[in-house]
Amino acid sequence: MMDWAYLFEISLTGIASGGLYALAALAFVMVYKATRVVNIAIGEMLMAGGYLFFTFAAMWAMPLWLAIPAAILACGLLGAVIERTMIRPLLGEPPISVFMVTVGLGSVLVGLVEMIWTADQRRLPEFMPSEPIMVGEAFLAPKVFWGAVVAAVFIASVLLVFRFWRGGVALRATASDQAAAYSVGINVPRVFSLAWVVSSMLAALSGIIVGSIGGISSSMGVFGLSVLVVVIVGGLDSVLGALVGGVLIGLVEALAGAYLGGEYKLLATFVVLVVILMARPYGLFGTHEIERL
């Protein structure tokens with residue numbers, strides 16, 4: 001007999017976890033939508049945010065209210081440096097060249113983390129409420145719940161800012177048509193830099209939340225594999241797809257882990273990925289590109 005209370009509890013956990021996936025996926029989509037760069041190092045960018053927060057809060061003993069924005073801003077600066085030194089020189093080159101640069105970037109970030117902080121797993125300072133969260137009779141881990149709340153607030157804030165802010169309009173115009181954006185006077189290279197900065201800041205925030213739940217280590221980049229599944233399922237260039245895909249994959253992982261076992265979580269997500277791509281090759285909400293010959 002189906003235990004509906006248990007199913008409800010697992011589903012809530014999956015939706016909350018999906019909120020974290022959605023935040024990281026939004027960071028990925030922002031870069032791809034504006035620059036058409038597949039940033040395979042998104043998981044390592046999360047890791048960098050987690051370690052920067054650990055440095056500021058635990059090693060330098062900065063107050064938490066200062067350490068969190070400092071880590072996010074530092075990661076934004078890192079994104080600007082990466083875009084300017086590694087990505088911009090490759091504008092106009094084959095997409096595989098830029099893709100391989102991001103693969104190398106991920107390895108470089110892992111190497112730097114292990115050189116500076118070692119490969120040992122570390123705990124982040126506690127900064128979220130620890131009181132149990134009850135929804136009816138369902139229990140939800142407080143860190144997962146508050147992490148999802150923070151993710152939802154920042155996702156909504158970013159969408160609103162980029163809907164009405166001038167820079168956001170420029171970003172959306174560039175994403176739609178780079179040549180047209182150039183023709184109306186938009187500084188496209190600056191928009192590229194903006195996309196990388198905001199994406200890196202979102203990744204840092206996601207890394208801080210994920211790290212506060214499970215700790216940080218040099219293997220945190222594996223989280224990026226699930227994020228990549230989320231954005232492919234939702235559509236590489238779709239913000240809505242990032243949000244829906246995050247919740248869907250979070251649910252699938254939670255249900256597979258509860259009813260099949262933790263070792264089947266990744267298998268279940270890739271089964272969902274294959275099924276969706278067979279039905280919709282561009283993802284649930286991805287743009288269907290038509291090339292004229």
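This passage describes selected helices, loops, aromatic pairs and enclosed spaces of a predicted model.

The loop between α1 (4–35) and α2 (42–59) contains two residues with contrasting surroundings, Arg36 and Asn39. Arg36 adopts a positive phi of about 60°, although it is not a glycine, and its relative accessible area of 35% places Arg36 in the partly exposed class. Asn39, by contrast, is buried, with a relative accessible area of 2%. When residues up to four places away in sequence are set aside, Asn39 touches Phe28, Met45, Thr102 and Trp196. Of these partners, Phe28 falls within the range of α1 and Met45 within that of α2.

Helix α2, which follows this loop, has the span expected of its length: at 1.5 Å a residue, its 18 residues should cover 26 Å, and its end C-alpha atoms are 25 Å apart, which agrees. Because 15 of the 18 residues of α2 are buried, the helix is largely enclosed by the rest of the structure. Just after α2, Ala61 takes a positive phi of about 55°, again in a residue that is not a glycine. Ala61 lies in the loop between α2 and α3 (64–87), and with 62% relative accessibility Ala61 counts as exposed.

Six aromatic pairs were counted in the model. One of them joins Tyr51 and Trp117 in a tilted arrangement, with 5.1 Å centre to centre and 40° between the planes. Tyr51 belongs to helix α2 and Trp117 to helix α4 (residues 95–117), so the pair ties together parts that are 66 residues apart in sequence. Both Tyr51 and Trp117 are buried. Phe56 and Trp60 make up another tilted pair, for which the centre-to-centre distance is 5.3 Å and the angle between the planes is 55°. The two members of this pair differ in their exposure, since Phe56 counts as buried at 12% relative accessibility, whereas Trp60 is exposed, with a relative accessible area of 56%.

Helix α10 (239–259) also agrees with its expected span, because its 21 residues should extend over 30 Å at 1.5 Å a residue and its end C-alpha atoms are 30 Å apart. The buried residues of α10 are Gly241, Ala242, Gly245, Gly246, Ile249, Gly250, Val252, Glu253, Ala254 and Ala256. In an α-helix there are 3.6 residues a turn, so residues three or four places apart point the same way. The cover over the buried residues of α10 includes α1, α9 and α11.

These helices also take part in the largest pocket, to whose lining α1, α8 (188–214), α9 (223–234), α10 and α11 (265–279) each supply at least two residues. The pocket has a volume of about 610 Å³ and is lined by 23 residues, of which Tyr21, Val210, Phe223, Glu253 and Lys265 lie nearest its centre. Glu253 is thus both a buried residue of α10 and one of the lining residues nearest the centre of the pocket. By class, the lining of the largest pocket divides into 11 nonpolar, 10 polar and two charged residues.

The structure also holds one cavity of 30 Å³ or more, and the volume of the largest cavity is about 30 Å³. Leu124, Pro125, Glu126, Phe127, Met128, Lys143 and Ser212 line the largest cavity, a set that comprises four nonpolar, one polar and two charged residues.

Ala138 is located in strand β2 (residues 138–140), where it counts as buried at 4% relative accessibility. Apart from its neighbours within four places in sequence, Ala138 is in contact with Phe8, Glu9, Leu12 and Ile133. Ala138 and Glu263, which are 125 residues apart in sequence, are separated in space by 24 Å, C-alpha to C-alpha.

Conventions: Residues are numbered from 1 along each chain as its sequence is written. This is a predicted model: local features need pLDDT of at least 70, side-chain atom pairs count only at pLDDT 80 or more; totals for chains, interfaces and linings use all residues. Side-chain values use heavy atoms; hydrogens and water are left out. Helices (H or I, at least four residues) and strands (E, at least two) are DSSP runs, numbered from the N terminus. Buried means under 20% relative accessible area, exposed over 50%, partly exposed in between (1.4 Å probe, protein chains only). Contact means heavy atoms within 4.5 Å. On a 1 Å grid over the protein atoms alone, a cavity is a set of points where a 1.4 Å probe fits but cannot get out, and a pocket is an open set with protein on both sides within 12 Å along at least five of seven lines; lining residues have an atom within 4 Å of a point. Grid points are joined across faces, edges and corners, and a volume is the space filled by probe spheres set on the points. Ala, Val, Leu, Ile, Met, Phe, Trp, Tyr, Cys and Pro count as nonpolar, Asp, Glu, Lys and Arg as charged, and the others, Gly among them, as polar. The expected span of a helix is 1.5 Å times one less than its number of residues. Rings of Phe, Tyr and Trp (its six-membered ring) pair if their centres lie within 6.5 Å; planes under 30 degrees apart count as stacked, over 60 as edge-to-face and the rest as tilted.
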